Amino acid sequence: MTSGVGIAVGVSLEPIDAAPWPEDLVDPDATSDVEPLAAWLPRRRTSAESASLLQQITAAEAQLAALKLDLVLDIAAERPAPADPRPGEARAADVGPPGTSEFALDELALVLNTSRTAAVTLFDQGHVLATRLPATRAELATGRLDWPRARAIAAELGRPADETDPVIVAAVEAAVLPVATELSVRQLRELVRRELAARDAEAADRRREQARKAADVGVRNLGNGMSELTMLMPHPEARACRQALDAHAREAQAAGDRRPIGLLRVGAGIDLILRPWQEQPAVTAHLTVVAPLGALTAGRFLADGAPLPAAFRPSAGNPAPVGEVDGEAVTAAHLRELLQQLDALCPGGLQAPTGGRLDLAVTDDGGRLLAVLGRGELDRLATRGCPSHPDGTCGCPLTGPPPAVDRYSPSATQRRFLTTRDRTCRHPGCSGRAAWADLDHVLAHGAGGVTDCSNLCCLCRRHHRLKTFAEGWAHTLGDDGVLTVITPSGVTRISRPPGWRVLREPPAPPPAPPPPDEDPPPF
């Protein structure tokens, strides 16, 4: 391996048959040319040798997990909260740990290249192990207790707002650690709860009340056009809801519906919640067609039953066409089905959904947004043509990004262009919707930054506050909309606009204009 920073762990990974092991287990400069660790082992191993190595790796992973938690706490400790509160109001969920900057966890998320939620979880686990469960942390650091079991103990004994006496927590920890590795993770969590209830009779009641207050409804995107609707509620009510849905599904099945029982349960739930037999508000949509410039002359786009233009046909260098609905990618066939439901398909192609809007987003071959036009704007440009070359053979661009404005607030056309380009908050890893985001000057307006699309991007309020108030951060925006963010610890992350892609080969030249007719008609 190339030279780098080596991390020593206390577990001895004994080489088999004198196979050499790399000195550096962790190398930040490693490239794809570096051989995987498996290449350092003999190709033929007995099952006993493989089992021994797996156990050593599990112990090493535990030690690395303990080290990782320590490093997380080290970074947070170096980001103290400012003496004076920052202007504006931060949500309670955005505030950092006590005495720590509200932006420390955002930095950890970029350092670890993970979500802020995952960074918060990791910090909480490290904080709990360091302050409430020192014995568990010590077992983890030596590799005697694996990370999943240490995490399970921390989850049960380190819950937020838990008022359990630290002496009781220590007694429970001492009771479960000797047998922790003999139990499954589920059994271990049950044992922790039993030991805690035996020592603190009110603990279960407090936790049940905390759990009741956390009840909520959520949606999790599973891909393939499907999502999971979750309802966190007391167990008796959850069982009753499941039994009611099953009863409705069994009735439909008895009446002759031969669809799978699971699909019938889901259908019953949808009907009971949405009540389709009652009059409902009309559903509409804002439809944006994103098309490369070269595809605009290739024929009708997604017209009912029409073939896709050549620029939208899948090939080795051109992936299959997809649509996007609330951030979820859908295939062209699925998109056509949704457009039909919205009455947005017409014999000539697309039309604005009833009560909605239809925009055309024009991109180059790399996905960089060039312009956003409404149907009326597109018709006017097509009718007017190039004012400098009325014959229409010049190829001059007729439109582009909205012009800069000489004020702080962006124009309506700039907002439309930027929300189409960015779609979400542009802070690396954030998925907050652009419709709820602020349009922020990357180079501050007060520092001479212009109100132009090349200096504006969508940021949610939390990351807008970070860019404005957090010390040591650097943000730069390229002309192509690529945002580069550098953390105070020197980690660089890139945020590219959705749809932006790196061309693996030069783009094809634009099609040549058709030859003029030799004998034009007399009109």
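**Exercise 1. Overall composition**

Task: State how many helices and strands the secondary structure of the protein comprises, and what share of its residues counts as buried.

Solution. The secondary structure of this predicted model comes to 14 helices and 14 strands. Next, consider burial: the protein has 523 residues, and 33% of them count as buried. The accessible surface is about 31900 Å², and carbon and sulfur atoms contribute 56% of that area. Finally, consider the contacts with a separation of 6 or more: residues 24 or more positions apart account for 55% of them.

**Exercise 2. A three-stranded sheet**

Task: Determine the strand order of the open sheet that contains β3, β8 and β9, and explain why one side of β3 and of β9 is left without a neighbour in the sheet.

Solution. The three strands are arranged in the order β3-β8-β9, and their pairing is mixed. β3 (286-292) and β9 (369-374) are at the edges with a single partner strand each, so each has one side without a neighbour in the sheet. On average, neighbouring strands of this sheet are turned by 20° against each other, direction ignored.

The pairing of β8 with β9 can then be examined. Strand β8 covers residues 357-363 and pairs with β9 in the antiparallel sense, over five bridges. A361 stands opposite V372, a residue of β9.

The last step concerns the helix that meets this sheet. Helix α13, residues 412-422, lies across β3, β8 and β9. Relative to β9, helix α13 runs at about 120°.

**Exercise 3. The surroundings of R493**

Task: Locate R493 in the secondary structure, decide whether R493 is buried, partly exposed or exposed, and list the residues that R493 touches.

Solution. R493 belongs to strand β14, which spans residues 492-495. The relative accessibility of R493 is 21%. Buried would require a value under 20%, and exposed a value over 50%; R493 therefore counts as partly exposed.

Leaving aside residues up to four places away in sequence, R493 touches L110, V111, L112, N113, P428, L483, T484 and V485. For one of these, N113, the separation from R493 is 380 residues in sequence, while the C-alpha to C-alpha distance is 8.2 Å.

**Exercise 4. Aromatic rings**

Task: Report how many aromatic pairs a search of the whole structure finds, and which ring face R433 lies over.

Solution. The search of the whole structure finds zero aromatic pairs. As for the second part, R433 lies over the face of W436, at 5.2 Å from the ring centre.

Definitions and conventions:
Residues numbered from 1 in each chain as written. Predicted model: local features only at pLDDT ≥ 70, side-chain atom pairs only at ≥ 80, totals over all residues. Heavy atoms only, no water. Helix = DSSP H or I, 4+ residues; strand = E, 2+ residues; numbered from the N terminus. Buried < 20%, exposed > 50% of the residue type's maximum accessible area, 1.4 Å probe, protein only. Contact = heavy atoms within 4.5 Å. Areas by Shrake-Rupley, 256 points an atom, 1.4 Å probe, with all protein chains shown as cover. Phe/Tyr/Trp six-rings, centres within 6.5 Å; stacked < 30°, edge-to-face > 60°. Lys NZ or Arg CZ within 6 Å of the ring centre and 35° of its normal. Pairing = 2+ DSSP bridges. Axes fitted to C-alpha atoms, helices over the stretch in contact; angles between N-to-C directions.
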